[in-house]
Amino acid sequence: MGIRFILMVNKQGQTRLAQYYEWLTLEERRALEGEIVRKCLARTEQQCSFVEHRNYKIVYRRYASLFFLVGVDNDENELAILEFIHLLVETMDRHFGNVCELDIMFHLEKAHFMLEEMVMNGCVVETSKSNILAPIQLMDKTS
Amino acid sequence: MKRLGRAVVMEIFCFLKQGLTPYEKKKYVWKMLYIYMLGYDVDFGHMEAVSLISAPKYPEKQVGYIVTSSLLNENHDFLRLAINTVRNDIIGRNETFQCLALTMVGNIGGREFAESLAADVQKLLISSSCRPLVRKKAALCLLRLYRKNPDVVNIDGWVDRMAQLLDERDIGVLTSSMSLLVALVSNNHEAYWSCLPKCVKVLERLARNQDIPQEYTYYGIPSPWLQVKAMRALQYFPTIEDPNCRRSLFEVLQRILMGTDVVKNVNKNNAAHAVLFEALALVMHLDAEKEMMSQCVALLGKFIAVREPNIRYLGLENMTRMLMVTDVQDSIKRHQAQIITSLKDPDISIRRRALDLLYGMCDISNAKDIVEELLQYLSTADFAMREELSLKAAILAEKFAPDLSWYVDVILQLIDKAGDFVSDDIWFRVVQFVTNNEDLQPYAAAKAREYLDKPAIHETMVKVSAYLLGEFSHLLARRPGCSPKEIFIIIHEKLPTVSTSTIPILLSTYAKILMHTQPPDPELQNQIWTIFNKYESCIDAEIQQRAVEYFALSRKGAAVMDILAEMPKFPERQSALIKKAEVAEVDSADQSAIKLRAQQQTSNALVVTDQHSANGPPPTVPAVGPLTLVKVPSTSGNAEHTSEGQALTQPNGTLTKIDPQTPSEDLLGDLLGPLAIEGPPGAAVQPQQNAVSEVGGVPSAVDGAAIVPVGEYSNSVQPIGNINERFYALCLKDSGVLYEDPYIQIGIKAEWRAQHGHLVLFLGNKNTSPLDSVQALVLPPAHLKMELSLVPETIPPRAQVQCPLEVLNLRPSRDVAVLDFSYKFGANMVNVKLRLPAVLNKFLQPISVSAEEFFPQWRSLSGPPLKLQEVVRGVRPLPLTEMANLFNSFRLMICPGLDPNPNNLVASTTFYSESTRAMLCLIRIETDPADRTQLRMTVASGDPMLTFELKEFMKEQLVSIPTAPHGPTAPPTPPVAQVAQPTSPVKALTDPGAMLAGLL
């Protein structure tokens, strides 16, 4: 099925965005996020971007104070996901102009809109930045 | 905000209930999502979120859809309320509404949605009037609905449309259609053949960068995600037959393999390598030309040595997948040193991959190196990996052990270094191995003893060493520091440190040590009894039961020796560890073709290697010789009580009941279940003919005339259990298993009346298919008349056939009858020659003789040939009571009190045959308390032949009892027969025995 969840977590381990593509109860989510964050945040720059956890593989990337963690199936193409994270960041950059943690915190809905355009049901839908941003721009214009 | 209490949240939602402006409503619903994201339970406001879906304006609708799909799952009741609105949005004219609705259904739509919306979604997907932004979402929405209910996609009608979809120009629509295709072909690749060339076309288009909008080019690479997806889809088709299609695909792949260079820009590099790794996977899947494969291996070899950790990780991962491809293992082995270096990488993810790869590439040739590397690494490995590491090392050691002592070394080291992470299965397995391999026992016991000297050892080590020493420490008795007492002391030192699960094992060990201490050491006995006493009131039922039982048993002395005897062998079977590893490898729902192949291959590999591990007990095993009393295989729960009036040969079923030695239910199952008919373990079929040596393993003492020479036979079927052991067991009892292999079990039940014997052979087919060409031929020795009733040629599946066999004893002889048995299973022709337990002692009837009857008889039979005397040397040192039991089990009745010398035994019995009729036999054994390895035996009867045969028979029994052959020190000296010449004048002239001696 591909992508199971996408998390954005800051250096302190606080979740800034969480999007799941499979149903987990709140308890399970809390536990999972805690475990993953502990594992990934402890890693250094010299280590690889993949962490195996339970039956997921976590592909993660760090941008300044923000970690992007994507949980995928074990046989997903890791590098493709790694670059997909970068695509997401670039898309946010284009919209916010050098995106930072606060942008995502205060414009949570926009981050969600973008994700919504890019991933559906765990599969990549769209990789063209302008197509991704089109609905948001449309909305900004009307409001 | 983070600390926002539940109360505050509730307050917010009180506002929600009062009429809010749409803007406020929207704002609060987002806040709700935010709170939920922070991990607070939001079980209110769902209705508000769902109700926003039906709002007329886009912003509210959007919030409604997005928040609903985040908060609710597909089974939520509120979702049903929205189903109509959603449908209206999907079939409506507003494209943006369509997108929102499709996205939500695509994310959380359930079965109900699948049934009511699938048709509409399909229509949107193939509609030419729809814009790509709607169609790409329709594709993934359909994928969701298809997963919920595969029937929504009608294969016949859909194949062509799917193929059409792949002609699409828009990359967005192609990307999502490709995901849909992957799901469809993973379930049914045959139906979607027509899509294969289209995938190749898409790939070509991307590879050549034809007609790819700038927007979809990522750092100069045309949509790497679509390339990856297309190659993934191709991996679900088993092969590509169309030569043109194949050629163009290989061109593309070749270009990717050759044309991917390392570039400075990280993102470009990653994206290019994402495509490259997928291409590698596809090449492996297609099992391409040799040249291309070696290219792949070379590339991977390069990758595992680069500095960039991501590439190194993926190199190792893909090399592990590569192991499934035939013919490349050797080239992978060339990288072994590099892989071992990766095992020490600072990154756990990479170490994991390296471990997996090492595990996968291990075979007999490199097992020693790899396992030793793993062991070395174990002491520094982080905790997260130790369990996996130790399990894998244990499995490899078992699968590929060049010799078994190495296996024992590895496991003990493993326990020593990572006791916490060694599951019980691992040490159970080593116990099984040691129990089944006599050669290994002294070594394992000595090793266990060594580890006990360490100052602090892990509890698992205490368990395994206590168990091994309890069973086999008597094999070490002559080594320094290994006397029963010393062993007891060193084990007992550990008692205060162990948990309740280990205490029962220690108690069993004490009981066994006590049993093996002959002659009994009163001090040790008292110590151990004190311990048993102490635990008699233990709150733990298991401990208490053992303490009480062992105490009672050990007070009975040697009479109950065989209850505490060594454990019988475990039946060979698949290692629990390997099973465990298999379970761990079972994967989640969606499996790629490579994974599936990988699993098939591993399971094949396991079958092959299992045969190897089943080979474990090497053919040399029976060199130890047959076992008479001590090791009675607990095969017959229904054994008849044969020894009249004596509690000696207890029904063997009790052995397992009384002796709770087994550390787990699993092992207990083994003990209880050897008779159970079960399917043939694949492992038991062996190419070698090692059953031969089992027959050859008869000890020299019994050899010679006593045994009808049994020719070598070359069977491909390995018997279960030791044929000799089974035979000797049956000499002592009247029912049990004579022979067993994976296909058949031959049981025997006998009744003896004077010179007549009535035996029944039970031929049980263990399989679900019939056994053909069954033939049984009895080859009786000259002194026996035997008649076997007709044996059917075919034994139906899972049936048991009974064949009565009548025996008449003509005259005394020790020769043995042989059953020549053969059958055919499939292509296997199996032929075995089995000795039948119609032996001399079966025609004996114990008789009690009083002193008044005995002495006149004894005197009247004066001198040879009716009375023979012999000094037998090399006798296994047995305490007198035990020897008395041995005689009783041969139906020679010990008459206590006849001989005033307590070191002597007098026995009487009646022998029946046609020629002799009932014939009284009298036996006297004089033992020397100073040297129990020799004794003087006098046998008297009214028939010279009987006297001779009986004397020889007893001599065999006294000498052939398994004794020191375990230890390297004292091989049993063959008995020197000196007729009627006492070695030293019996200096007992003064003792009361002299009175009897004078009569001789």
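Which residue of chain B forms a salt bridge with A:Arg94? The legends below begin with that pair. In this predicted model, local features need pLDDT of at least 70 and side-chain atom pairs count only at pLDDT 80 or more, while totals for chains, interfaces and linings use all residues. Residues are numbered from 1 along each chain as its sequence is written, chains are lettered from A and ligands numbered from 1 in the order in which they are written, and side-chain values use heavy atoms, with hydrogens and water left out.

**View 1. A salt bridge joins A:Arg94 and B:Glu215.** The closest N and O atoms of A:Arg94 and B:Glu215 are 3.9 Å apart, which fits the definition of a salt bridge as a side-chain nitrogen of Lys or Arg within 4 Å of a carboxyl oxygen of Asp or Glu. The pair joins two chains, because A:Arg94 lies in helix H2 (residues 78-96) of chain A and B:Glu215 in the loop between helix H11 (196-207) and strand E1 (217-218) of chain B. Here helices (H or I, at least four residues) and strands (E, at least two) are DSSP runs, numbered from the N terminus. A:Arg94 is partly exposed, with a relative accessible area of 45%, and B:Glu215 is also partly exposed, at 29%; buried means under 20% relative accessible area, exposed over 50%, and partly exposed in between (1.4 Å probe, protein chains only).

**View 2. Chain B and chain A meet in a contact that takes 69 residues from chain B and 59 residues from chain A.** Contact means heavy atoms within 4.5 Å. The two chains bury about 5500 Å² between them, and 51% of it is on carbon and sulfur atoms; buried area is the accessible area (1.4 Å probe) that two parts lose on being put together, summed over both. In chain B, the residues that lose the most area to chain A are B:Met37, B:Glu215 and B:Trp225, together 13% of what that side buries. Six salt bridges are counted between chain B and chain A.

**View 3. B:Arg353 and A:Glu52 form a salt bridge.** Their closest N and O atoms are 2.7 Å apart. Both residues belong to a network of salt bridges that links A:Glu52, B:Arg352, B:Arg353, B:Asp356, B:Glu388 and B:Lys392.

**View 4. Within chain B, the side chains of B:Asp167 and B:Lys198 meet in a salt bridge.** The N to O distance is 3.0 Å. B:Asp167 lies in the loop between helix H9 (155-165) and helix H10 (171-187) of chain B and B:Lys198 in helix H11 of chain B, so the pair ties together parts that are 31 residues apart in sequence. B:Asp167 is partly exposed, at 41% relative accessibility, and B:Lys198 is partly exposed, at 23%.

**View 5. B:Lys447 forms a salt bridge with B:Asp409.** The closest N and O atoms of this pair are 3.8 Å apart. B:Lys447 lies in helix H24 (residues 441-452) of chain B and B:Asp409 in helix H22 (residues 404-418) of chain B, so parts that are 38 residues apart in sequence are tied together. Both B:Lys447 and B:Asp409 are buried.

**View 6. B:Lys61 has its place in helix H4 (residues 58-71) of chain B.** B:Lys61 is buried, with a relative accessible area of 3%. Leaving aside neighbours within four places in sequence, B:Lys61 is in contact with several residues, among them B:Leu52, B:Thr85, B:Asp89 and B:Phe97.
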